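Welcome! Take a look at the sequence and the structure below, then work through the exercises one step at a time.

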Amino acid sequence: STVPIGNSGNAADTRFDGTGIGAVAYNYRIGTTEVTNAQYAEFLNAVAASDPYELYNTAMGTQTWGGIVRSGSSGSFTYAVKAPALSGSYSYDAKPVVFVSWYDAIRFANWLHNGEGSGDTETGAYTLLGGTPTPSNGHSITRNPGARWWLPSEDEWYKAAYYDPSAGVYYDYPTGTNGILNNNLPTSDTGNSANFVDAHLTTGDSSFPMTDAGAYARSHSPYGTFDQGGNVWEWNEALFTFTQGTYRGARGGAWNVLAGTLHASFWSVDYPAGNLNGGFIQGFRVASVPEPSSLLLGMLASLGLLLRQKRCRG
């Protein structure tokens, strides 16, 4: 599901960066939660029977953090969410998918843009060239005009996480607060909780560390998103070129880092193909165009009625 992000033309947050971040001149929608293992497995079953783009990382099946297993051989691969762990108490279905590269994330967005099914992953919201897992134009990929689903820009992601449209202010944390978060389990959610490391203590079992997407039901952003702080890092569209190489942006912190990484001032990068940060624990959420307004829907309904009346009279 997605939530609407309105208040177009909001001011940027300039507290940590003189150029500002978070200003978005249009309305859009963003995923209420991170993409889950169940959702990503559906994607794999639709487009990766042969998997020429390496959308499946074998660590998803071999590492306890990963939640998807693959069966069969190339041409007939099938994918399923892992069976529950910890005597059945740790279910993988609603855990955020990890071990996904930036290219995996935008290919997932293309699949949504193209209507799911067995649609093309190389064109749509983004154009990926070369026919290889790492596209030949990887360092110049930008969102195409007319995209219906996409990976959030850094501004879009930041606004959804930290901006309060009622008060017109930015908070320090994506729970609508400026107070330091606690890392309680979701069953003890205080409204200011997230999945991260506090004083070297993880929220849960460090081998099975993810919390279900949206499990912190009281700790949502002002717009109603969940887990934009903690759980897993989330890719965004930002492109950074340094002397060491070219990177894509990630924000929000994760289950294995301290609370400071969940703060609005903190940002991170990774190679688009992943694995710079020693664990490849990026996940992602998607964004989309706003739903038609009730006024527009009413106008369309009235137009349809008028056309039907004309046909009847004719």
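## Exercise 1: A hairpin and its sheet

A hairpin of two residues connects β8 to β9. Before going on, note that the model is predicted, so local features need pLDDT of at least 70, side-chain atom pairs count only at pLDDT 80 or more, and totals for chains, interfaces and linings use all residues. Residues are numbered from 1 along each chain as its sequence is written, and side-chain values use heavy atoms, with hydrogens and water left out.

Task: work out which strands form the open sheet with the order β10-β9-β8-β11, and how they pair.

Solution.
- Step 1. Start with the terms: helices (H or I, at least four residues) and strands (E, at least two) are DSSP runs, numbered from the N terminus. Two strands pair if DSSP finds at least two bridges between them.
- Step 2. Take the hairpin strands. Strand β8 (residues 233–242) runs antiparallel to β9, with six bridges between them. Within this pairing, Phe242 is opposite Gly245 in β9.
- Step 3. Move to the other neighbour. β9 and β10 are antiparallel too and share three bridges, and Ala250 faces Ser268 in β10.
- Step 4. Put the strands together: the four form an open sheet in the order β10-β9-β8-β11, with mixed pairing. Its edges are β10 (268–270) and β11 (282–283), each of which pairs on one side only.
- Step 5. Check how covered β9 is. Seven of its seven residues are buried, where buried means under 20% relative accessible area, exposed over 50%, and partly exposed in between (1.4 Å probe, protein chains only).

## Exercise 2: Following β2

Task: find the partners of strand β2 (residues 28–31).

Solution.
- Step 1. Strand β1 (residues 2–5) lies antiparallel to β2, and four bridges join them. Pro4 has Arg29 in β2 as its bridge partner.
- Step 2. β2 also pairs with strand β12 (residues 287–288), antiparallel and over two bridges. Here Ile30 is partnered by Ala287 in β12.
- Step 3. As background, strands of a sheet pair through backbone hydrogen bonds, either parallel or antiparallel.

## Exercise 3: Charged partners

Task: how many salt bridges does the structure hold, and where does the pair of Arg251 and Glu154 sit?

Solution.
- Step 1. A salt bridge is a side-chain nitrogen of Lys or Arg within 4 Å of a carboxyl oxygen of Asp or Glu. The structure has nine of them.
- Step 2. Arg251 and Glu154 form one, with their closest N and O atoms 2.8 Å apart. This pair links distant parts of the chain, since Arg251 is in strand β9 (residues 245–251) and Glu154 in helix α4, 97 residues apart. Both Arg251 and Glu154 are buried.
- Step 3. Arg143 and Glu156 make another salt bridge, at 3.0 Å between the closest N and O atoms. Arg143 is in the loop between α3 (102–113) and β5 (149–150), while Glu156 belongs to helix α4 (residues 154–162).
- Step 4. Compare their surroundings: Arg143 counts as partly exposed at 24% relative accessibility, whereas Glu156 counts as buried at 0%.
- Step 5. Asp13 and Arg15 meet in a salt bridge of 2.9 Å, N to O. Asp13 is buried at 4% relative accessible area, and Arg15 is partly exposed at 40%.

## Exercise 4: Two unusual phi angles

Task: are Asp51 and Ala199 buried or exposed?

Solution.
- Step 1. Recall that most residues other than glycine have a negative phi, and most peptide bonds are trans.
- Step 2. Asp51 is not a glycine, yet its phi is positive, at about 55°. Asp51 is found in the loop between α1 and α2 (59–62).
- Step 3. Ala199, also a residue other than glycine, has a positive phi near 50°. Ala199 is placed in the loop between β7 (169–170) and β8.
- Step 4. Read off the accessibility: Asp51 is buried, with a relative accessible area of 7%, and Ala199 counts as exposed at 56% relative accessibility.
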